[in-house]
Amino acid sequence: MGMAEVMDTSIFGLLPQLPNDQPTNQTLTMVHWTDEERQAITSIWAEVNVEEAGHQALTRVLVVYPWTQRYFSTFGNVSNATAIAGNHMVRAHGKRVVVALGDAIKNLDNVKATYAKLSELHSEKLHVDPENFRLLGETLIISLAAQFGAAFTPDIQAAWQKLMAVVTAALSKQYY
Amino acid sequence: MTLTAADKAHVKAIWSKAGGKAEEIGAEALGRMLEVFPQTKTYFSHYADLSVKSSQVRTHGKKIIDAITSAVNHIDDITGTLSSLSTLHANTLRVDPANFKLLSHTILVVLALYFPAEFTPEVHLACDKFLARVSHVLADKYR
């Protein structure tokens, strides 16, 4: 399954009441993970240094897509790559983000519910454009490729890309 | 988003290593794109094997990397260098330009994978801009 197949669940709210023997609304909208995908995710996760991965990914977002710095005006100096890489607040925030990713990984069968409050926070309080979730997902994949090298096989990459798409969709869910 | 002198230097530096592994890197980038974004397979329905190991994928991957190498070598005239490829994509191949982003992403993943020490955030930035420029040139004649 690729990114394009992760379902936007909003259309299912429009279905009429189904008879009892039909799959429920929830089953229809659940993300299906194969055993291989779960294995790909958990085996890599077991080797990830949460603080380092978070730091790498967030640093790359701020450097590669500098307009994202708009969300970090209270973080002090984020004006160039060296400043960003050495910034303690960036490091702490990167860690926080990847720790939260761990919650999704522990709840693969219900990422949407797991991230409901976080989604609301990003929409209502932080006012973060959901495009940024996609950007962070991409840079995290790239950071993992750099850390794991050939062990980050195409199959494993595909599982992680799917995870990033699911996380992005869940974080975007409460926006209106 | 214009390529600065620093961007050009970063791209040339990392590509001097990548260009020498054109077939490997091309196969990985193309193969990963086909696996991670299965909708891209629609352009390769004539291939028997779409995996990274496939000889067709290796050959085509090398072709792509070699074309990018020539753009790197003429980084001040990407438009001119890729002109005939641009015509080919517009008139014959007609690959939806949305897919250029997908291949660009997997190229970046493969560069990070093969050259973790060299693929610093600044080099990543430069390559992202460069590949966006290449994609833009390739789509330029579409309409």
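In chain B of this predicted model, B:V11, B:K12 and B:W15 of α1(B) touch B:I65, B:I68, B:T69, B:V72 and B:N73 of α3(B). That's one of the helix pairs covered here; another joins the two chains, with α8(A) meeting α6(B). There's also a look at the largest pocket, which holds about 890 Å³ of space.

**α1 and α3 of chain B**

- Sorted by class, the residues in this contact come out as five nonpolar, two polar and one charged.
- Helix α1 of chain B covers residues 5-18 and helix α3 of chain B covers residues 55-73; their axes come within 10 Å and cross at roughly 140°.
- An angle over 145 degrees would count as roughly antiparallel, so α1(B) and α3(B) end up oblique to each other.
- The crossing of α1(B) past α3(B) is left-handed.

**Where chain A meets chain B: α8(A) and α6(B)**

- Here helix α8 (residues 131-148) of chain A pairs with helix α6 (residues 98-114) of chain B, the axes coming within 7 Å and crossing at roughly 30°.
- Angles under 35 degrees count as roughly parallel, so that's the label for α8(A) and α6(B).
- As for handedness, α8(A) goes past α6(B) in a right-handed crossing.
- On the chain A side you'll find A:E138, A:I141, A:I142, A:A145 and A:A146, and they meet B:H105, B:L108, B:V109, B:A112 and B:L113 on the chain B side.
- That contact has eight nonpolar residues, plus one polar and one charged.

**α6 and α7 of chain B**

- Helix α6(B) also packs against α7(B), at an angle of about 150° and with the axes 10 Å apart.
- With the roughly antiparallel label starting over 145 degrees, α6(B) and α7(B) are therefore roughly antiparallel to each other.
- This is a right-handed crossing of α6(B) past α7(B).
- From α6(B), the contact uses B:F100, B:S104, B:I107, B:L108 and B:L111; from α7(B), it uses B:H124, B:C127, B:D128, B:L131, B:S135, B:L138 and B:A139.
- The class split for this contact is eight nonpolar, three polar and one charged.
- Look out for B:L108, which turns up in the contact with α7(B) and also in the contact with α8(A).

**The largest pocket**

- About 890 Å³ of space sits in the largest pocket, and 32 residues line it.
- Closest to its centre are A:Y65, A:R134, A:L135, A:E138 and B:K101.
- Two or more lining residues each come from α8 and α9 (154-172) of chain A, and from α6 and α7 (121-139) of chain B.
- The largest share of the lining is eight residues, and α7(B) supplies it.
- By class, the lining divides into 18 nonpolar, seven polar and seven charged residues.
- A:E138 links two of these topics: this residue is among those closest to the pocket's centre, and is also one of the α8(A) residues that meet α6(B).

Terms used:
Residues numbered from 1 in each chain as written. Chains lettered and ligands numbered in written order. Predicted model: local features only at pLDDT ≥ 70, side-chain atom pairs only at ≥ 80, totals over all residues. Heavy atoms only, no water. Axes fitted to C-alpha atoms, helices over the stretch in contact; angles between N-to-C directions. Helix = DSSP H or I, 4+ residues; strand = E, 2+ residues; numbered from the N terminus. Parallel < 35°, antiparallel > 145°, perpendicular 65-115°, else oblique. Left-handed = near helix turned anticlockwise from the far one by under 90°. Contact = heavy atoms within 4.5 Å. Nonpolar A, V, L, I, M, F, W, Y, C, P; charged D, E, K, R; others polar. 1 Å grid on protein atoms, 1.4 Å probe; cavity = no way out; pocket = protein on both sides within 12 Å on 5 of 7 lines; lining within 4 Å. Points joined across faces, edges and corners; volume = space filled by probe spheres on them.
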